[in-house]
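Here is a walk through one protein model, written for someone who would rather look at residues than at tables. Keep the viewer open while you read.

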Amino acid sequence: MEDNKPIVSEPFDSPTSRPVSPTVVPMVVAPSSNYSPPSPQNYSTYQTPLQMQQHRFLRVGIVLGTLLIIVVFIFLWFYKPAIFGRRTTQRPATIATPKIPAPLVTTSSPATLPAGTFTVGPDKNIIPSLYSLSPGPQQTGSFTIITPTATYSVTLNDAATLGNGTRVAWAQLSSGDKIQISGGNLTSVIFKSAVLPPTAAPALVKLYTASFTVTDDPKKANPGKYLISDSLDKNADILILAKDYTIKYNQPLNSTEFLVDLVDGDQVATVNVSHFDMKPR
């Protein structure tokens, strides 16, 4: 009896034989109704100190860059005409116009000036015109007109008698004249303008240094018709105004004569006249 040994089959050595690969059959597992996918795992990223410092620098850089952009934008907004050569319409600067003070003496009503120096002109202290000049009560002093070419002066005296001034003088004041009120106790001069039409000729002289008023007083010049004749003085002139300050006569007295009709209240002003004849008619 032979021993029970396993029988080993030897491969068949044949030139046409090929090794046979084993067939793998995948196993399909049917899904269970209680199956759920595995939950995702939470992982925290670990940063080194160097990385954290770099991130801080990055945030600071972003903030600074944003601020720089804003500053550059504002600069370009306000200064772009100068940088790019663009023309812009600019509003002219508002310049306050200096207020011109109102004239102290006008032609509309009488006015009083104190002692001092004043200028004549449409926008100055005194409006140009023909004015009567009277000193304040019980006052005396000098009234002077200074023009670019000459100076004229008269003594105003509220208590004037022959040879010591006049109670009333007349002055033709023009633009550019300077007026000085000074001397004695003269602290005020009263100005009253003549009534002049636009076409009226100016008075013949700047300053009439003597005057009187026509009145019924027997010792004064009385109303009536007169032939005013020849003055022996050189460059003598006469000015006659009505009571309402309108001009009646504006004549020279150099070897001439003229007829006048004087009424109560007329004012007769002269300059460079020592005497003249008034012959009743």
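What follows goes from the whole chain to its biggest pocket, then to a few residues worth clicking on.

## The chain as a whole

First things first: this is a predicted model. The protein chain runs to 281 residues, and 27% of them count as buried. Strands make up most of the named elements, with 16 of them against one helix.

Now for how the chain meets itself. Take the contacts in the protein chain with a separation of 6 or more: 68% of them are between residues 24 or more positions apart. On the outside, the accessible surface is about 20,600 Å², and carbon and sulfur atoms own 59% of that.

## The largest pocket

If you go hunting for open space, the largest pocket holds about 800 Å³ of it. Its lining has 23 residues, and the ones nearest the centre are G165, T166, A210, S211 and F212. Sorted by class, that lining comes out as ten nonpolar, eleven polar and two charged residues.

Which strand gives the most to the lining? That would be β10, with four residues. In the chain, β10 covers 210-213, and β15 (267-271) is the other strand listed with at least two residues in the lining.

## Aromatic rings

There are four aromatic pairs in the structure. One of them joins Y131 and F191 edge-to-face, with 5.8 Å from centre to centre and 80° between the planes. This pair ties together distant parts of the chain, since Y131 sits in β3 (residues 129-135) and F191 in β8 (residues 188-193), 60 residues apart.

Are these two rings buried or exposed? Y131 is buried because its relative accessible area is 0%, below the 20% cut-off. F191 is buried too, because its value is 1%. Add F143 and you have a cluster: ring pairs link Y131, F143 and F191.

## Three buried strand residues

Start with A171, which belongs to strand β6 (residues 169-173). With 0% relative accessibility, A171 counts as buried. Setting aside neighbours within four places in sequence, A171 is in contact with S129, L130, Y131, L133, F143, I145, K206 and L207. Two members of the ring cluster, Y131 and F143, are on that contact list. A171 and T144 are 27 residues apart along the chain, and their C-alpha atoms are separated by 9.9 Å.

Next is I181, in strand β7 (residues 178-182). I181 counts as buried because its relative accessibility is 3%. Leaving out neighbours within four places in sequence, I181 has contacts with L113, P114, A115, G116, F118, S142, F143, L186, V189 and F191. F143 and F191 from the ring cluster turn up in this list. As for F118, the C-alpha atoms of I181 and F118 are 8.6 Å apart in space, although 63 residues separate the two in sequence.

Then there is T119, in strand β2 (residues 116-119). Its relative accessibility is 17%, which is under the 20% limit, so T119 still counts as buried. Not counting residues up to four places away, T119 touches K124, N125, I126, D177 and K178.

## Two loop residues with positive phi

Two residues other than glycine deserve a look for their backbone angles. For Q138, phi is near 60°, a positive value. Q138 lies in the loop between β3 and β4 (140-146). This residue is exposed, because its relative accessible area of 72% is over the 50% cut-off.

The other is Y245, with phi near 75°, again positive in a residue other than glycine. Where is Y245 found? Look in the loop between β12 (237-241) and β13 (247-252). Is Y245 buried or exposed? Y245 is buried, because its relative accessible area is 10%. So this pair of loop residues splits, with Q138 exposed and Y245 buried.

Technical notes
Residues numbered from 1 in each chain as written. Predicted model: local features only at pLDDT ≥ 70, side-chain atom pairs only at ≥ 80, totals over all residues. Heavy atoms only, no water. 1 Å grid on protein atoms, 1.4 Å probe; cavity = no way out; pocket = protein on both sides within 12 Å on 5 of 7 lines; lining within 4 Å. Points joined across faces, edges and corners; volume = space filled by probe spheres on them. Nonpolar A, V, L, I, M, F, W, Y, C, P; charged D, E, K, R; others polar. Buried < 20%, exposed > 50% of the residue type's maximum accessible area, 1.4 Å probe, protein only. Contact = heavy atoms within 4.5 Å. Areas by Shrake-Rupley, 256 points an atom, 1.4 Å probe, with all protein chains shown as cover. Phe/Tyr/Trp six-rings, centres within 6.5 Å; stacked < 30°, edge-to-face > 60°.
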